[in-house]
Amino acid sequence: MNNQFSLEGKIALVTGASYGIGYAIAKAFAAAGAIIVFNDIKQELVDKGLAAYEADGIKAHGYVCDVTDEAAVNALVAQVEKEVGIIDILVNNAGIIKRIPMCDMTAEQFRQVIDVDLNAPFIVAKACIPAMIKKGHGKIINICSMMSELGRETVSAYAAAKGGLKMLTRNIASEYGAYNIQCNGIGPGYIATPQTAPLRERQPDGSRHPFDSFILSKTPAGRWGDADDLGGPAVFLASDASNFVNGHILYVDGGILAYIGKQP
Ligand code: NAP
Ligand code: GCO
């Protein structure tokens with residue numbers, strides 16, 4: 001049974017994985033035997049990421065690449081195939097959020113979020129799928145969100161992107177399942193990373209940020225998620241243990257989606 005969860009010798013590309021959720025997923029993949037490849041926009045962040053992986057005993061391969069740039073992504077995948085090997089596992093993790101009330105958001109700001117959070121997963125998956133077909137197998141994991149299911153004030157672009165990413169996940173599963181490619185999503189709940197740091201900042205009087213208290217009241221687990229909480233679910237979806245799981249969004253949210261919320 002344990003072998004089903006092994007990633008021994010598999011090459012995993014995790015986008016935007018110098019830190020945060022991507023880093024935690026790559027760390028879990030490495031512990032399961034995978035060879036780690038990651039990218040980031042800036043060399044200094046790639047270098048920081050490489051140092052962090054090394055400190056964790058992981059010999060990762062880091063590349064500079066903006067996932068919204070199709071030519072750069074195609075060049076990245078070709079370079080990885082030449083220097084490391086064909087990508088067996090793709091995690092579309094890179095993402096941004098802009099918390100702006102919709103009517104104050106410019107079309108350009110909206111497009112920027114859609115570009116990274118939805119267009120880029122399409123671009124990177126499209127670059128990886130042909131070699132996965134040739135190889136006879138592949139795993140694609142798209143990092144979705146609570147906002148693939150729910151909306152809230154100020155995150156219209158992000159919710160639109162993550163809702164679209166849920167359906168892109170299902171469509172890749174539908175279109176390429178016949179080639180033994182499984183495409184699934186992970187929908188993290190509220191995870192303590194730099195992306196959510198503004199929502200957890202202590203108030204001047206030392207009290208919790210109102211949103212922090214709100215999330216704790218909406219999460220049965222009564223805590224923010226840790227990026228490492230996503231490692232096991234990601235290994236499952238990247239391994240042979242999930243070969244008949246396809247088009248599924250696995251929510252790793254401490255129970256938020258199941259819970260009406262604690263009575264104030
Ligand atoms: P994060 O701390 O902001 O990290 C995002 C990573 O993506 C960074 O390394 C960032 O690099 C990279 N990135 C952004 N734009 C990129 C681009 N154009 N090309 C290449 N890399 C790019 O975010 P996180 O919290 O770890 O979230 C990771 C993923 O999980 C995102 O898709 C996010 O939407 C999703 N998610 C997060 C939560 C949460 O609560 N944290 C919950 C659900 C889903 P730079 O530093 O260079 O910008
Ligand atoms: C927000 C948060 C969320 C989380 C995550 C929840 O502003 O509501 O950033 O969007 O990042 O996506 O699953």
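Which residues come nearest to ligand 2? In this predicted model, 14 residues lie around ligand 2, and among these Arg99, Ser145, Arg152, Tyr158 and Gln195 come nearest. Polar contacts to oxygen atoms of ligand 2 arise from both backbone and side-chain atoms of the protein. On the backbone side, an N or O atom of methionine 146 is placed 2.8 Å from an oxygen atom of ligand 2, and a polar backbone atom of proline 188 is found 2.9 Å from an oxygen atom of this ligand. Tyrosine 190, in contrast, takes part through its side chain, an N or O atom of which lies 2.8 Å from an oxygen atom of ligand 2.

Ligand 1 is surrounded by 29 residues, the closest being Tyr19, Asp40, Asn93, Tyr158 and Thr193. Tyr158 is thus listed among the closest residues for ligand 1 and also among the nearest for ligand 2. An N or O atom in the side chain of tyrosine 19 lies 2.4 Å from an oxygen atom of ligand 1. Two backbone contacts accompany this side-chain contact: an N or O atom of the glycine 16 backbone is 3.2 Å from an oxygen atom of ligand 1, while for the backbone of isoleucine 21 the corresponding separation is 2.9 Å.

The pockets were computed over the protein atoms alone. The largest pocket holds about 890 Å³ of space and has a lining of 39 residues, with Asn93, Ala94, Gly95, Ile96 and Gln195 lying nearest its centre. Of these, Asn93 is also one of the closest residues to ligand 1, and Gln195 is one of those nearest to ligand 2. At least two lining residues are supplied by each of helix 1 (20-31), strand 2 (35-40) and helix 5 (156-176), and helix 1 gives the most, with three residues. In terms of residue class, the lining comprises 21 nonpolar, 12 polar and six charged residues.

The second largest pocket contains about 200 Å³ of space. Its lining includes Met146, Arg152 and Tyr190, of which Arg152 is among the residues nearest to ligand 2, whereas Met146 and Tyr190 supply polar contacts to oxygen atoms of that ligand. Phe211, Phe214, Ile215, Lys218 and Ile256 also belong to this lining, which divides overall into eight nonpolar, one polar and three charged residues.

Two of these lining residues, Ile215 and Ile256, are linked to threonine 219, a residue of the loop between helix 7 (210-218) and helix 8 (231-238). A polar atom of the threonine 219 side chain is 2.7 Å from the backbone oxygen of isoleucine 215, and threonine 219 touches Asp253, Gly254, Ile256 and Tyr259 when residues up to four places away in sequence are not counted. With a relative accessible area of 4%, threonine 219 is classed as buried because this value is under 20%.

Backbone geometry was also considered. Most residues other than glycine have a negative phi. Threonine 154, in the loop between strand 5 (138-143) and helix 5, nevertheless has a positive phi of about 75°; its relative accessible area of 25% makes threonine 154 partly exposed. Asparagine 180, located in the loop between helix 5 and strand 6 (181-188), likewise has a positive phi, of about 60°, and is partly exposed, with a relative accessible area of 33%.

Definitions and conventions: Residues are numbered from 1 along each chain as its sequence is written. Chains are lettered from A and ligands numbered from 1 in the order in which they are written. This is a predicted model: local features need pLDDT of at least 70, side-chain atom pairs count only at pLDDT 80 or more; totals for chains, interfaces and linings use all residues. Side-chain values use heavy atoms; hydrogens and water are left out. On a 1 Å grid over the protein atoms alone, a cavity is a set of points where a 1.4 Å probe fits but cannot get out, and a pocket is an open set with protein on both sides within 12 Å along at least five of seven lines; lining residues have an atom within 4 Å of a point. Grid points are joined across faces, edges and corners, and a volume is the space filled by probe spheres set on the points. Helices (H or I, at least four residues) and strands (E, at least two) are DSSP runs, numbered from the N terminus. Ala, Val, Leu, Ile, Met, Phe, Trp, Tyr, Cys and Pro count as nonpolar, Asp, Glu, Lys and Arg as charged, and the others, Gly among them, as polar. Buried means under 20% relative accessible area, exposed over 50%, partly exposed in between (1.4 Å probe, protein chains only). A polar contact is a pair of N or O atoms within 3.5 Å; within protein, one must be able to donate a hydrogen and the other to accept it, and residues adjacent in sequence count only if both atoms are side-chain atoms. Contact means heavy atoms within 4.5 Å. A residue is near a molecule or strand if one of its heavy atoms lies within 4 Å of it.
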